[in-house]
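Here are my notes from a pass through the model, as promised. Have it open while you read, and follow the points in whatever order suits you.

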Amino acid sequence: MTLREIRLFGDPVLTTQAAEVDKADFGSEKLRLQVEDMLETMDEAGGVGLAANQIGSLRRVIVFDTTHQPGGLRGHLINPRWQPLTRESQLGPEGCLSIPGISADTPRSYRVQASGYDVEGRPIGIAATGLLARCLQHEHDHLEGVLFLSRLDDAARREAMAAIRRANWFTTRKDTL
C-alpha cells in the first residue's frame, strides 16, 4: 500500500466531477490497490472519509471509517449513490482533509440510504444516520466536484474563506489562487 498525497483547496481536481468506474475494472488489482491506498491515506491523515479526487483520481470511489462511534462502519463504495430516508436534517461540524484546519456547521440529511459496489463489483447498501450519513454525503459531494463550503450559509462561507486565506498551508503553496 502507498500513502497518496491529499490534494488541497485550490487544486482543480477537487472541483471536477469524477467518472464512474467501468464494470470491467471491478476485481482488478489496480482498483483494489486504489481502495487500500485510500484507506491507508485516510487513516494516516486522521480522517473519517476520503474521495478519489482528493488523491487526484477522477474515479467514483469513496472510503469511510466511523467505527469510533456506535453504529459506525469502515469500508468503501464504488459508483456510490445516496438518497435521504426522511426529511429530517442535521446541522453539525464538518471539516475536510483537503481544507485542513477549517470546520463549520454544515447542513446534511440525517438519515440516508447509500448504495454502490465493492471492489469485486458486488452491490452494497447502507442505511446510515448521524456521522456516517454526513460522511457519505460529504464524500459523494467530492465526486460531484462540490466542496462542503458550498453547503454553508453566506456568512459561514465568508468566514471559512477568510480562514483559508490566512492558513499557512494555503499561503505557502506555490499554486495559490
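1. Let's start with alanine 18. This is a predicted model, and in it alanine 18 is buried, with a relative accessible area of 7%; the cut-off for buried is under 20%, so this residue qualifies. You'll find alanine 18 in the segment before α1, the helix that covers 29–45.

2. What does alanine 18 touch, leaving aside residues up to four places away in sequence? The list is Leu58, Arg59, Arg60 and Leu143. Glutamate 144 is worth a look too: its C-alpha is 6.4 Å from that of alanine 18, although the two residues are 126 apart in sequence.

3. Now compare another alanine. Alanine 162 is found in helix α3, which covers residues 154–166. Its relative accessible area is 21%, so it counts as partly exposed. If you want a sense of distance, take valine 21: 141 residues separate it from alanine 162 along the chain, and their C-alpha atoms are 36 Å apart.

4. Stepping back to the whole chain, there are 4 helices and 7 strands. Their order along the sequence is α-β-β-β-β-β-β-β-α-α-α. The radius of gyration is 16 Å, close to the 16 Å the globule rule gives for 177 residues, so the chain is as compact as a globular protein of that length. The C-alpha trace spans about 45 × 40 × 25 Å along its principal axes.

5. A few totals for the chain. Of its 177 residues, 46% count as buried. Take the contacts with a separation of 6 or more: 65% of them come from residues 24 or more positions apart. The accessible surface is about 8900 Å², and carbon and sulfur atoms account for 50% of that. On charge, there are 21 positive and 24 negative, and the mean positions of the two sets are 4 Å apart.

6. On to the strands, with β4 (residues 89–96) and β5 (residues 99–109). These two pair in the antiparallel sense over 8 bridges, and they make a hairpin with 2 residues between them. One place to check the register is glycine 95, which stands opposite serine 103 in β5.

7. Strand β6 (residues 111–117) has two partners to look at. Strand β3 (residues 74–84) pairs with β6 in the antiparallel sense over 5 bridges, while 7 bridges join β6 to strand β7 (residues 123–129), also antiparallel. Alanine 114 is a handy marker here: it is the bridge partner of tryptophan 82, and in β7 its own bridge partner is isoleucine 126.

8. Which residues of β6 make up its covered face? They are Val112, Ala114 and Gly116, whereas Arg111, Gln113, Ser115 and Tyr117 make up the uncovered one. The reason for the every-other-residue pattern is simple: in a regular strand the side chains alternate between the two faces of the sheet.

9. Last, the turn. The hairpin of β6 and β7 has 5 residues between the strands. Within that hairpin, glycine 121 takes a positive phi near 95°.

Definitions and conventions. Residues numbered from 1 in each chain as written. Predicted model: local features only at pLDDT ≥ 70, side-chain atom pairs only at ≥ 80, totals over all residues. Heavy atoms only, no water. Rg over C-alpha atoms; globule rule 2.2 N^0.38 Å. Buried < 20%, exposed > 50% of the residue type's maximum accessible area, 1.4 Å probe, protein only. Contact = heavy atoms within 4.5 Å. Areas by Shrake-Rupley, 256 points an atom, 1.4 Å probe, with all protein chains shown as cover. Lys, Arg positive; Asp, Glu negative; His and termini not counted. Charge placed at Lys NZ, Arg CZ, Asp CG, Glu CD. Pairing = 2+ DSSP bridges.
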